[in-house]
Each structure stands twice: as C-alpha cells, then as structure tokens.
Amino acid sequence: MNFTLHIWRQENAKAKGRFETYKVSDISSDCSFLEMLDILNEQLINDHIAHPVCFDNDCREGICGMCGLYINGRPHGNDDGITTCQLHMRKFNDGDEIWIEPWRAKAFPVICDLVVDRSAFDKIIQAGGYISVTTGGVPDANTIPVAKRFADMAMDAAECIGCGACVAACKNASAMLFVGAKVAHLALLPQGQVEANERVKKMVCRMDELGFGSCTNTYACEAECPKQIKRQNIARLNREWIKQLFSGNHKPNE
Amino acid sequence: MQGLADGYFVLPYTLQNYLADQITVGHISTDTPEFDEAEQSVRQREERLMENGKRKTENGELHTVDHYHKALGKIMWEYVGMSRNEESLTKAATMIDELENEFWQHVQVPGDIESFNPEMEKALRLADYFELARLITADALHRKESCGGHFRTESQTEDGETLRDDQNYMYVAAWEYQGHGQPETLHKEPLNYEHIQIATRNYKN
C-alpha cells in the first residue's frame, strides 16, 4: 500500500511547527501504524531526507499508554477501542492521505514533533491516585470481600492507561474522564475508601492547577477512549467531590 | 510464556520491601564525583555513537539502529531460543561479538546530543542489549541441562522430554558484572531441600 503522510514537525515547545509531507510505499496491510512510521524513519535516515519523526511508543500492545497520535482528526485513528499501536494500515485505503498530529492541549506541551509532555497526568496521580498500604507479603485473594458488581466497575475504571486521548478529544482539553476513572477505581473498593475524601479533593485541585479545561459533558472523551472508559466515571467523580464537601473529616486548606 | 510470566509473580513479592524505604530518602545530590564520572562516561558513549555520521562514508555503509536491533533479535531467536544446544550457542556468541563490532563502526545516529533524540536513546539501549545478549548466551552455554522453560537438545530423555542434571546444577545463581568485555563472575547459592522430594514434572500419565 502507498500513502501520503502529512506530519506535524516541531523542533521543541517554543519552535513554530508546520506540516511536512512524506510518501511511503510498499507498506504491508498487516503493518501497524507505528511500524509504518518506523519504515518512514528508516527511509528518512538512510536517504538523508530529514530528521526522523519523533513519536512516543513503548509496549506496542495497547497497555502502556505511551503512543498517542491524532490521526485524520481522531485520537488513536479511525477505529474504536484501540490505541495507535493497535491501528493497522488495513484500516486505510491504498493511496490515502493521512494527517498525523500530536495531542493538542495546554497541559500537554509539545516536546518534539508528535511527542508531548504528559507528566501532568503523573502529577495528578501523585496528588492522590494511590492507596497507602504497608509493604510486605501480598495479601491472599478474598481476604477483603468485594461485591462482584463493585469489583467489575472498579476493574472497568482501572482499565484507563493514562494515554491522554480524552484530553486530546475534548474541545476544552478537560481531564475529567481520566481523573474520574482514577478516583472511581479506588473509591469503589474497600482499600480505597479510607483516603477517598482527601484523594478526590487533592486530585481535582491538582487537575485545575495544571491547566486542564472544564467538562461540558459532550463525551467526546468516552467516544475516543481506547479503553472505552464510561462517562459514568465522571458522574462518580462529581459525586465523590460533593461527598467530601460534606464529610468534614478533611483538614481545611490542605 | 513461562519465561515471560514468572517475573510478574516474583517481583511483587521480592522488591517492594526494598523500594518502600526509599520513600524516606531525601533528594540525592548530583554534585558528587560519582555523578560527574557517570555523566562523563555516558557523554563519551554518545559522542562515539555520533562519530560515524560525521565521517565521510560510502552510500550504504551506515545502517540505522533498528537495522542492528533486528539483526540481534534474529540471532537470539534462531540460536538462543527456548530450544538450544552447544553448537547454536557457540555460534551465537561469535555472531553477537561480530555484530556489536559492526554496530559501533557503522551505526548511524542522526540529530545531536543536546536535543531530544529518540534514535540516540535506542542506540544506547541497543549497546546494552549486546552485553545482555552475550550474558544470556554465556549463561545458556554454562547450563548444560534442560531446565524450566529451556531445552538443551543434548539433555533429553529417550522419549524427548527435558532431562535435568541435579548433580551439577541444583542452585540459584547470579552473574556479577566485571566491566565491559570482561567475563562475568558466577555466584551460586545451593538449593537444599529438606522436606520435599525432588521430582520431575510429567504431563504424560
């Protein structure tokens, strides 16, 4: 298969970016999108055409959350429930023009080309996305009973891989689906309930500080999430937030 | 698969006690001779990797990092796989050395040292992989029995099952790094079972 690629090139966060056009040919339809970019880069280096295109990737099996490209106007490309590394060239037509952009959000500044700095997500997690436990032997399964319904909901929320597609898809660059998934995942389980009130407060405050936008409930995040995290997690986040307002067992100004 | 999954089970039971204490360790200063030394050595490696791209070369003389990564992967896959023998492993050891030499002389790393450079990252990682590949091969050569997920074709029973050698290899071990190009030192800890009888897994009856 042959493709014409229009790729966003930008040396660093301060440089002015632009689209550059490259052609790739004889691409197998079984090639993944990232493998296609590997082939392009090999070509760019060998033929001294340009610097290779920078893009983030790691596990290439849809679980690490590193790869995130805006492909033809959709985060992770034109397919549902997959990450960019799981997108295959057979989803395109021979001769297609493909536009490839980085995530665009104030809280995710461009590092180089298609690579953005998503450490804002790490900062939100550091603010409260954890439970405090004593280290040592791992407890046996079922020592803490969890109702199946809650276990299922927590597992669904825990599927979030923190890729940032929700933020990229949102017209306000809101991180509510991400924070909702993290808060809900822990708040639904007994282990997470101890710190639930403080957690939601700290994570939401940190999210606001980092420059993410507000949620206006358009749910583009849910539509584009590679792990199909449900918007109900946003509702649960709001509920946890309101709950902590009335709980009174948190220290003010913390 | 067993080789892949074992780490998943072992790590959470072994590492966290050591890591937990780190939470109380304050910020570690980079203002030390050790840090300077490490920084210097990384910089030297980076500069060496950049050199090939700077000298005058024939077309097709230089190759990308991915080219060498794939070549190394193919050696490991073919000769140091789940099923291996002395001949294949010896062959792999020579091939890895040759490929590593070739890598340092002909790898092309575009860009520069100061800016964001994923090709440089890959090249540095691959330089480590050569070392790791050599150690994996040396370890596999050293262990002449068939054990766990790995099959030494010389060590099998009459009907083609794995044949362990408990006389010589009933220990857990770690290899100690002795510097680049130096053979690693083997440290052994014997496995002494007091209450269980050593047996061999059998899926046939």
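**Loops, cores and contacts in a two-chain model**

A:Asn72 sits in the loop that links strand 3 (70-71) to strand 4 (74-75) of chain A. In this predicted model, the phi angle of A:Asn72 is near 45 degrees, a positive value in a residue that is not glycine. A:Asn72 has 14 C-beta neighbours inside 10 Å and so counts as partly exposed. A second loop of chain A offers a companion case. A:Asp113, likewise not a glycine, has a positive phi of about 50 degrees, and its place is the loop between strand 6 and strand 7 (115-116) of chain A. Here the surroundings are those of a buried residue, as 25 other C-beta atoms lie within 10 Å of A:Asp113.

Strand 6 also leads to the contact between the chains. In total, 13 residues of chain A are in contact with 13 residues of chain B. On the chain A side, the elements that contribute two or more residues are helix 1 (33-46) and strand 6 (110-112). Helix 1 of chain A supplies the largest share of that side, with four residues. Sorted by class, the chain A side holds six nonpolar, five polar and two charged residues.

We turn next to the nonpolar interior. The largest nonpolar core comprises 66 residues, and A:Cys166, A:Val167, A:Leu177, A:Phe178 and A:Val179 have the most contacts inside it. Helix 5 (residues 176-187) of chain A gives this core its largest share, nine residues. Because domain 1 (3-111) and domain 2 (118-247) of chain A both give residues to the core, it lies between them. Leaving aside residues up to four places away in sequence, A:Leu177 touches A:Cys166, A:Cys221, A:Glu222, A:Cys225, A:Ile229, A:Asn233 and A:Ile234. Another core, of 17 residues, lies apart from the largest one and includes B:Ile96, B:Val107, B:Ala123 and B:Ala133.

Each chain also has a strand that is hardly covered. In chain A this is strand 2 (residues 18-24), where the count of buried residues among its seven residues is zero. Strand 2 of chain A runs antiparallel to strand 1 (residues 3-9) of chain A, and seven bridges join the two. Within this pairing, A:His6 stands opposite A:Thr21 of strand 2. In chain B, strand 3 (residues 171-176) is hardly covered, with a count of zero buried residues among its six. The partner of strand 3 of chain B is strand 4 (residues 185-190) of chain B, paired in the antiparallel sense over six bridges. There, B:Ala174 stands opposite B:His187 of strand 4.

Terms used. Residues numbered from 1 in each chain as written. Chains lettered and ligands numbered in written order. Predicted model: local features only at pLDDT ≥ 70, side-chain atom pairs only at ≥ 80, totals over all residues. Core = buried A, V, L, I, M, F, W, Y, C linked by C-beta atoms within 7 Å. Buried ≥ 20, exposed ≤ 12 C-beta atoms within 10 Å, placed from the backbone. Domains from an automatic or database assignment. Contact = placed C-beta atoms within 7 Å. Nonpolar A, V, L, I, M, F, W, Y, C, P; charged D, E, K, R; others polar. Pairing = 2+ DSSP bridges.
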